[in-house]
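Here are my notes on the structure shown below. Please read them with the model open beside you.

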Amino acid sequence: MSDKIYLDYAATTFIRPEVITEINPYLSEFYANPSSLYFDGRQNKIAINRARKNVAELIKCNKNEVFFTSGGSESNNWALKGIAFANKSKGKKIVTSAIEHHSILTTCDFLSKNGFEIVYLPVNSQGRVDLNFLENCVSKDTLVVSINYANNEIGTIQPMKEIAEICKKNNVYFHTDAVQAVGHIDIDVKNIGIDLLSMSSHKIYGPKGCGALFIRDGVILDNLIHGGKQESFRRAGTENVTGIVGFGKAALLSNIELQTEKIRLYELKEYFLDKLLNENPNIILNNPDKFNTLPNNINISIPGIDSHEMLLKLENRNIYVSAGSACTAGNITGSHVLSAIGLAEDLAKSAIRISLGLLTTKNELDYVVEVIGQIINESI
Ligand SMILES: *Cc1c(COP(=O)(O)O)cnc(C)c1O
């Protein structure tokens, strides 16, 4: 790799070399359609099912409960629209939170234009959803509760078990967008009581344009993509074999390395924050909760320096980070997440997200601390 310091793993990751090796035969020799009955076709079908098993093991569900999609966005669209349309005789209420990813929020906007009623849970200053509010607003006519497993901007891990219990008590489906959590922290969908869970390949060192939706056996939802009989008649279209094979390998590797990588990143994060905040006491950590946050996510505000200006100055020193969230880059309205946690507007405007990953080292982070210190000094 180059001497570029990539600290935007929450936006996307590079594809691991082992994953590329795994994909290669399906880009050349094994190009047959997985639905074809002859040998090469069957080989493709077998490869897809091997990937399905690896993805299932990462979240501890059954293999037949994993359905491949084009990514996290499609999985989120499918979960919400699929449940809403299939169960509308039960009611019209959908409960979500104020800090969801845009693929949830804009799907909810679409559903609200189509007669569904959306309730947005408020969050506290660390981004945790208000469980009392949830308890009070969930009712018999609620179709689904959809809450981010871990937030992509500030890393907040939600109280999944508590949310699942409230859903179960009220006989309401529980969906979670777990794109940032999968492969980074331990997930056990059966133990928690999750009904549907969205995943994406390119956030865990797999190829872009591939993801999956876990649908618990027995959950009733409509198809989103209609057509052929692929994915057990539930998601049509000739399978993205290279994407799926790569996703499967990436899932296998992150499962094997999960515990060690999780601890390594928590330690690196703590090391970096201790050093950075000691040397620059005016920097604000936007989610100071040590225990309920992702190991790789850091969101800070550097008062007086606009985040876009900061980004360019860091880029000039070969450091790549994100302003709030990649999805809001270039969006002048600012981050809905930082506003929901009550961060003052001037601090939100100077927020940057630093997200760590496989190649991140202590040396890199030492350099980043040094550079941020220099930039702050230059600006006074
Ligand atoms: C990246 C991301 C998505 C979208 O996934 P894609 O595969 O890029 O469509 C959805 N939710 C969260 C929390 C994400 O971080």
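**Notes on the model**

1. Thr12 counts as buried at 17% relative accessibility; buried means under 20% relative accessible area, exposed over 50%, and partly exposed in between (1.4 Å probe, protein chains only). Thr12 sits in the loop between strand S1 (5–6) and helix H1 (17–27). Helices (H or I, at least four residues) and strands (E, at least two) are DSSP runs, numbered from the N terminus. The side chain of Thr12 makes a polar contact of 3.2 Å with the side chain of Lys208. A polar contact is a pair of N or O atoms within 3.5 Å; within protein, one must be able to donate a hydrogen and the other to accept it, and residues adjacent in sequence count only if both atoms are side-chain atoms.

2. This is a predicted model, in which local features need pLDDT of at least 70 and side-chain atom pairs count only at pLDDT 80 or more, while totals for chains, interfaces and linings use all residues. Residues are numbered from 1 along each chain as its sequence is written, and side-chain values use heavy atoms, with hydrogens and water left out.

3. The ligand is surrounded by 14 residues, and the closest are Ser73, Asp177, Gln180, Ser200 and Lys203. Here a residue counts if one of its heavy atoms lies within 4 Å. The shell divides into one nonpolar, 11 polar and two charged residues.

4. Which side chains have an N or O atom 2.7 Å from an oxygen atom of the ligand? Gln180 has one, and so does Ser200. For Lys203, a polar side-chain atom lies 2.8 Å from a ligand oxygen. Taken alone, the ligand exposes 380 Å², and the protein buries 88% of that (Shrake-Rupley method, 1.4 Å probe).

5. Helix H3 (residues 72–86) gives the largest share of the ligand's shell, three residues. Of the 15 residues of H3, 12 are buried, so the helix is largely enclosed by the rest of the structure. Among them are Trp78, Leu80 and Lys81. The end C-alpha atoms of H3 are 21 Å apart, which agrees with the 21 Å expected at 1.5 Å a residue; that span is 1.5 Å times one less than the number of residues.

6. The whole structure has zero disulfides, a disulfide being a pair of cysteine sulfur atoms within 2.5 Å. Cys108 is buried, with a relative accessible area of 0%. Its closest cysteine sulfur, in Cys137, is 13 Å from the sulfur of Cys108, too far for a bond.

Key:
Nonpolar A, V, L, I, M, F, W, Y, C, P; charged D, E, K, R; others polar.
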